[in-house]
Amino acid sequence: MLVFDELKKNDPQLRLVAMVLAVGLIILFAGLWWVQVVSAREYQNHLETQAYRTIRLPAIRGKIFDREGRVLAENRPRYNLSLYLDDLRRQFTEASDKLIRQARDWQKQAIAAQEKKLGRSLTKAERKQFAFKPDYLQKLREQARTQVAANVIAQISQKIGEPLPFDATKFNRHYATQLAMPYSILKNLDDTEIARFHENFPGGLGADLELQSVRSYPFGTTAAHLIGELQQDDSSIAGEESFFNYRLPDYRGVTGIEGKFNAELHGRAGAESVLVNNLGYRQSEDVDSQPQPGQNVALTVDLDIQRTAERSLANRQGADAHAAVVVMDVRNGDVLAMASSPAFDPNDFAQGISHEKYQQLQELTAEKNRATYENYAPGSIFKTVVALAALENGLNTEEIYRVQSNPENPARGIIYVGKRGIKDRLPDAGASSPGPSLRIAGAR
């Protein structure tokens with residue numbers, strides 16, 4: 001061939017170039033052989049141990065407005081302080097290695113003491129008695145991680161001026177089951193705590209703030225029963241993906257408008273993929289689908305009329321009275337106000353209610369909407385309905401209906417509608433008349 005013919009010529013420069021190319025090809029083929037043959041099992045293990053974890057991203061819940069566009073239910077940002085365990089991995093390893101070295105030093109001292117006592121070297125079988133079991137080493141690593149996390153939390157607590165309790169059991173459970181997720185140590189930081197954290201910990205500590213959307217009711221107990229309450233529920237709704245490795249906090253409407261229109265308000269959750277290494281630590285992340293916000297809901301309720309109804313109810317019946325008020329527009333049936341007493345604050349359910357406060361609400365049965373879930377005798381207010389129905393059917397208001405005497409009580413008369421007798425007092429007790437009479441328009 002032409003190449004080999006050229007190489008046969010006595011040309012030192014050409015031979016040098018050929019040698020360099022040959023050495024390069026040898027190195028290239030050697031590297032490929034090392035990667036594909038010698039290191040094949042190692043790369044296969046890395047491939048098997050690296051995996052993706054999916055995270056459910058909750059959607060922003062829709063708002064609730066009154067008839068004038070005033071917000072009755074919305075979402076606000078909440079800042080939580082969390083430990084990012086992948087950033088603490090080096091500290092975990094160093095603390096774990098330190099404890100294991102100390103344990104091995106103790107092991108050597110124990111073996112030396114036993115050999116000195118026996119006056120001879122221990123056999124292989126005797127040395128096995130001092131060997132560490134896997135469970136013991138695992139406990140040492142767990143203890144090291146706990147110490148590192150506790151020290152970091154103590155530093156943060158001191159700098160921001162807020163006591164931060166540390167639950168070792170909860171932390172170790174989170175490490176074992178949700179290693180790729182941040183570990184929350186303080187929720188709902190105020191502006192002062194956020195400023196102190198940023199001032200003292202600009203980065204590198206393994207802790208950071210994460211943003212979470214929480215449901216908020218700016219008017220507190222106003223229209224609480226009508227708006228309804230939420231409960232924390234991160235399960236998937238119809239039309240969403242059902243399998244996720246991790247799920248961020250989310251809500252589900254239980255009662256009121258929140259419950260009735262939960263499908264519209266809820267929105268559609270998104271998904272995020274997180275690549276974790278063979279130890280389970282987060283390596284990278286990518287959002288597969290963005291959450292779709294929920295729809296807004298507008299009510300016929302008027303905030304001003306609602307407040308007036310609730311104040312009137314509290315002033316006349318008392319704050320904890322079992323009573324209700326409904327105000328409707330007689331022209332179209334719009335509900336302008338719906339008040340129920342005693343009331344509750346839906347913020348407590350959305351942001352976490354204490355056991356004591358929940359027990360108190362249960363004792364007062366404050367969650368019951370007495371305007372819709374209670375039975376009340378209509379009383380005299382229903383007389384207007386009866387009177388209007390009678391007038392529409394041609395009632396003569398001057399006509400007097402003669403009723404029979406009630407044999408059980410002569411002081412009362414009775415008139416039969418079908419087989420049912422309607423009792424009433426005589427219009428003029430003691431007056432002489434052919435028989436009891438009842439003037440419909442003037443009955444009391």
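**Close-up views of a predicted model**

Counting Lys or Arg nitrogens within 4 Å of Asp or Glu carboxyl oxygens, we get 15 salt bridges. The model is a predicted one, and the views below pick out some of its charged pairs, its largest pocket, a surface patch and a few backbone oddities.

**View 1. Asp66 and Arg70 are part of a salt-bridge network.** Zoom in on aspartate 66 and arginine 70: their closest N and O atoms sit 3.0 Å apart, which makes the pair a salt bridge. Is aspartate 66 buried or exposed? With a relative accessibility of 2%, aspartate 66 is buried, because the cut-off for that label is under 20%. Its partner arginine 70 comes out at 25%, so arginine 70 is called partly exposed. Asp302 and Asp304 belong in this view too, since the network of salt bridges links them with Asp66 and Arg70.

**View 2. Glutamate 126 pairs with arginine 120.** Here the N-to-O distance is 2.9 Å. Glutamate 126 has a relative accessible area of 22%, which puts it in the partly exposed class. Arginine 120 is partly exposed as well, at 39%.

**View 3. Arginine 252 reaches aspartate 233.** This salt bridge has N and O 2.8 Å apart. Which parts of the chain does the pair tie together? Arginine 252 is in strand S8 (residues 251–253), while aspartate 233 is in the loop that runs between strand S6 (230–232) and strand S7 (246–247), so the contact connects parts 19 residues apart in sequence. As for solvent, arginine 252 is partly exposed, at 32% relative accessibility.

**View 4. A look into the largest pocket.** Its volume is about 1,400 Å³. Which of the 46 lining residues are closest to the centre of this pocket? Those are Asn80, Glu210, Gln212, Leu248 and Pro249. By class, the lining splits into 21 nonpolar, ten polar and 15 charged residues. Several elements chip in with at least two lining residues each, among them strand S1 (51–57), strand S3 (71–83), helix H7 (168–177) and strand S10 (282–289). Strand S5 (207–216) is also on that list, and S5 gives the most, with six residues.

**View 5. Two tryptophans and three valines make a nonpolar surface patch.** The patch covers about 510 Å². Its members are Trp33, Trp34, Val35, Val37 and Val38. To get your bearings, tryptophan 33 is in helix H2, which spans residues 12–38.

**View 6. Serine 341 and proline 342 share a cis peptide bond.** Omega is about 0 degrees here. Most peptide bonds are trans, and most residues other than glycine have a negative phi. Proline 342 is in the loop between strand S13 (335–341) and helix H13 (346–351).

**View 7. Alanine 223 has a positive phi.** The angle is about 55 degrees, even though this residue is not a glycine. Where is alanine 223 found? Alanine 223 is in the loop between S5 and helix H9 (224–227). Alanine 223 is also buried, with a relative accessibility of 3%.

**View 8. Threonine 365 has a positive phi too.** For this non-glycine residue, phi is about 50 degrees. Threonine 365 sits in the loop between helix H14 (355–364) and helix H15 (383–392). Is threonine 365 buried or partly exposed? Its relative accessible area is 33%, so threonine 365 counts as partly exposed.

Notes: Residues are numbered from 1 along each chain as its sequence is written. This is a predicted model: local features need pLDDT of at least 70, side-chain atom pairs count only at pLDDT 80 or more; totals for chains, interfaces and linings use all residues. Side-chain values use heavy atoms; hydrogens and water are left out. A salt bridge is a side-chain nitrogen of Lys or Arg within 4 Å of a carboxyl oxygen of Asp or Glu. Buried means under 20% relative accessible area, exposed over 50%, partly exposed in between (1.4 Å probe, protein chains only). Helices (H or I, at least four residues) and strands (E, at least two) are DSSP runs, numbered from the N terminus. On a 1 Å grid over the protein atoms alone, a cavity is a set of points where a 1.4 Å probe fits but cannot get out, and a pocket is an open set with protein on both sides within 12 Å along at least five of seven lines; lining residues have an atom within 4 Å of a point. Grid points are joined across faces, edges and corners, and a volume is the space filled by probe spheres set on the points. Ala, Val, Leu, Ile, Met, Phe, Trp, Tyr, Cys and Pro count as nonpolar, Asp, Glu, Lys and Arg as charged, and the others, Gly among them, as polar. Patches are made of residues with over 30% relative accessible area and no salt bridge: like charges are joined within 9 Å, nonpolar side chains (Val, Leu, Ile, Met, Phe, Trp, Tyr) within 5 Å. Accessible areas come from the Shrake-Rupley method with a 1.4 Å probe; for residues, only the protein chains shown count as cover.
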